[in-house]
Amino acid sequence: MKFQIDKKYIRIGFIAFVVIAASICFYYLIFHGDRFSNQINELLKVISPVMYGIIIAYLLTPLVNGLETYLLKPILQRLKQNSNRAQKYMRGVSIIITLVIVVMLIYAFFSILIPNIVASIKTISVQFPTYIENLTNWSTRFLADNPDIEVMVVRFLDTYSEEFYDYLNNTIVPQMETIIKQVSLSMISLLKILWNFIIGFVIAIYVMYSKETFAGQAKKIVYSIFRTTTANQFIKDVRFASDTFIGFISGKIVDSFIIGCICFVGTSLLKMPYALLVSVIVGVTNIIPFFGPYLGAVPSAVLILMVSPIKCAYFIIFILILQQIDGNLIGPKILGESTGLSGFWVLFSITVFGGIMGISGMIIGVPLFAVLYAFIRRHTNKMLEKRGLPTQTEQYLNVDYIEESAFIPRETGKNPKSFFRLGKQRKQKNIAGETTINNKKEAGEQQKP
């Protein structure tokens, strides 16, 4: 007799194995999370060049596609060259042009920025005693003219000066050797990151050259795992996430560049010190939504404060006006409705992802949460449509409960804590009222001849 294995038991055994393995992984993650995080960090260090390459290729792909669509394809059509070899040549030329443009922009940026930063640092180091003296004289005159503020400042200094000296002598000075070691290790890590970035740049060339092949392979895997409808929806979601990310990041870069240029023009007209350095700081930090403008304004204001407190006040007013213009005019025109999030959710996403991932989380937190928000909204609307309920949020603003898909408006002046109890009582009253009306109608129909 031939022995046969029932596929049902194989399926049950496989499911049991997956559940046990998942339980072991969950236990290891909860009670040995530090080891797990260390292994993840080591893995990220190994694959970091590949990740850099994919990110660089992802950011440069729109430029490559634009060059092919609007520059190289019309040329090939005029030359009547549509062979595969011509297409490959077109892809290679578009990648080369993109890399040349990027390298030129990076070189122009640093060739302008680094000499001005070096000159600004030299000026600060040479004139630092003068700046301190000017600031001391100004603060002395200000406190002399305002005795109440002088008393508060003296109390504050008396309270915290001893704590500051204790912290300086007992914490900072003994750890100077450790701090120097950390700085040197940071420099080594920076060189490693630079080397990984160079390798990633090379990987990005291969990714951009064969991006259609990689996309086709990814689709092939998706269709082999999921059903056709699920795979179609998954690919649609990936495209939506990609459009959201690339739209937000590219728009934010353009917006920050415009803000930096406007800041340079404004600070130059106002004859602010270190105009270029301040404008670069403001423009770069403007990439971070919501908090970025303030993060860039603080060190810039400190630099200007050491030269002239009056100009520092003018600079703060100028930055506040500039950020209002950016938030209400320039930003919406460039970014549009790329995220679809309200101000609360923007602040929420920056806070959460910034706390988890640091500066990079603050930058990508908004588009990432926008994608999650869109997925949750779509799933919620789909479930409501299955139940025959409306999907507009406005129709749920004044509702206590729903009876047979009919909205019952909330009574004003009631305690929100008794939400469900009041809804239940009103439901009974409504039912009783409907019964009375129906009885009257029946009585009237019986009285008719």
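Visitor: Which residues do ring pairs link into a cluster in this predicted model?
Guide: A pair of aromatic rings is described by the distance of the centres and the angle of the planes. In this predicted model, the count of aromatic pairs comes to eight. Ring pairs link four residues into a cluster, and these are Trp345, Phe348, Phe369 and Tyr373.

Visitor: How many residues apart in sequence are the parts that the pair of Trp345 and Tyr373 ties together?
Guide: Trp345 and Tyr373 form a tilted aromatic pair, with 6.1 Å from centre to centre and 50 degrees between the planes. Trp345 belongs to helix H11 (residues 343-357) whereas Tyr373 belongs to helix H12, so the pair joins parts of the chain whose separation in sequence is 28 residues.

Visitor: Is Trp345 buried, partly exposed or exposed, and what is its relative accessibility?
Guide: Buried means under 20% relative accessible area and exposed means over 50%, with partly exposed in between. Trp345 therefore counts as partly exposed, its relative accessibility being 28%.

Visitor: What is the angle between the planes of Phe369 and Tyr373?
Guide: Both Phe369 and Tyr373 lie in helix H12, where they are four residues apart, about one turn of the helix. Phe369 is buried, with a relative accessible area of 12%, whereas Tyr373 is partly exposed at 29% relative accessibility. Their rings form a tilted aromatic pair, with the centres 6.3 Å apart and the planes at an angle of 35 degrees.

Visitor: How far apart are the end C-alpha atoms of helix H12?
Guide: Helix H12 runs over residues 359-386 and has 28 residues, so at 1.5 Å a residue it should span 40 Å. The distance between its end C-alpha atoms agrees with that expectation, at 41 Å.

Visitor: At which residue does H12 bend by about 50 degrees?
Guide: Among the buried residues of H12 are Gly361, Met362, Gly365, Val366 and Pro367. Pro367 is a proline that follows within four residues of the place where the helix bends by about 50 degrees, and that place is Gly365.

Visitor: Which residue follows H12 with a positive phi?
Guide: After helix H12 the chain comes to a glycine whose phi is positive, near 75 degrees, and this residue is Gly388.
It is thus outside the helix, which covers residues 359-386, and the name asked for is Gly388.

Visitor: Which side chain of opposite charge is nearest to Asp326?
Guide: Asp326 is placed in helix H10 (residues 309-335), and, leaving aside neighbours within four places in sequence, its contacts include Asp255, Ile259 and Asn286. A salt bridge needs a side-chain nitrogen of Lys or Arg within 4 Å of a carboxyl oxygen of Asp or Glu. Asp326 is buried yet has no salt bridge, and the nearest side chain of opposite charge is 4.9 Å away, that of Lys252.

Visitor: What distance separates the C-alpha atoms of Thr123 and Tyr274?
Guide: Thr123 is found in helix H3 (residues 84-145), and it is partly exposed, with a relative accessible area of 29%. Not counting residues up to four places away in sequence, Thr123 touches Phe128, Tyr131 and Tyr274. Although Thr123 and Tyr274 are 151 residues apart along the chain, their C-alpha atoms are separated by 9.6 Å.

Methods: Residues are numbered from 1 along each chain as its sequence is written. This is a predicted model: local features need pLDDT of at least 70, side-chain atom pairs count only at pLDDT 80 or more; totals for chains, interfaces and linings use all residues. Side-chain values use heavy atoms; hydrogens and water are left out. Helices (H or I, at least four residues) and strands (E, at least two) are DSSP runs, numbered from the N terminus. Buried means under 20% relative accessible area, exposed over 50%, partly exposed in between (1.4 Å probe, protein chains only). Contact means heavy atoms within 4.5 Å. Lys and Arg count as positive and Asp and Glu as negative; His and the chain ends are not counted. The expected span of a helix is 1.5 Å times one less than its number of residues. The bend at a residue is the angle between axes fitted to the seven residues ending there and the seven starting there. Rings of Phe, Tyr and Trp (its six-membered ring) pair if their centres lie within 6.5 Å; planes under 30 degrees apart count as stacked, over 60 as edge-to-face and the rest as tilted.
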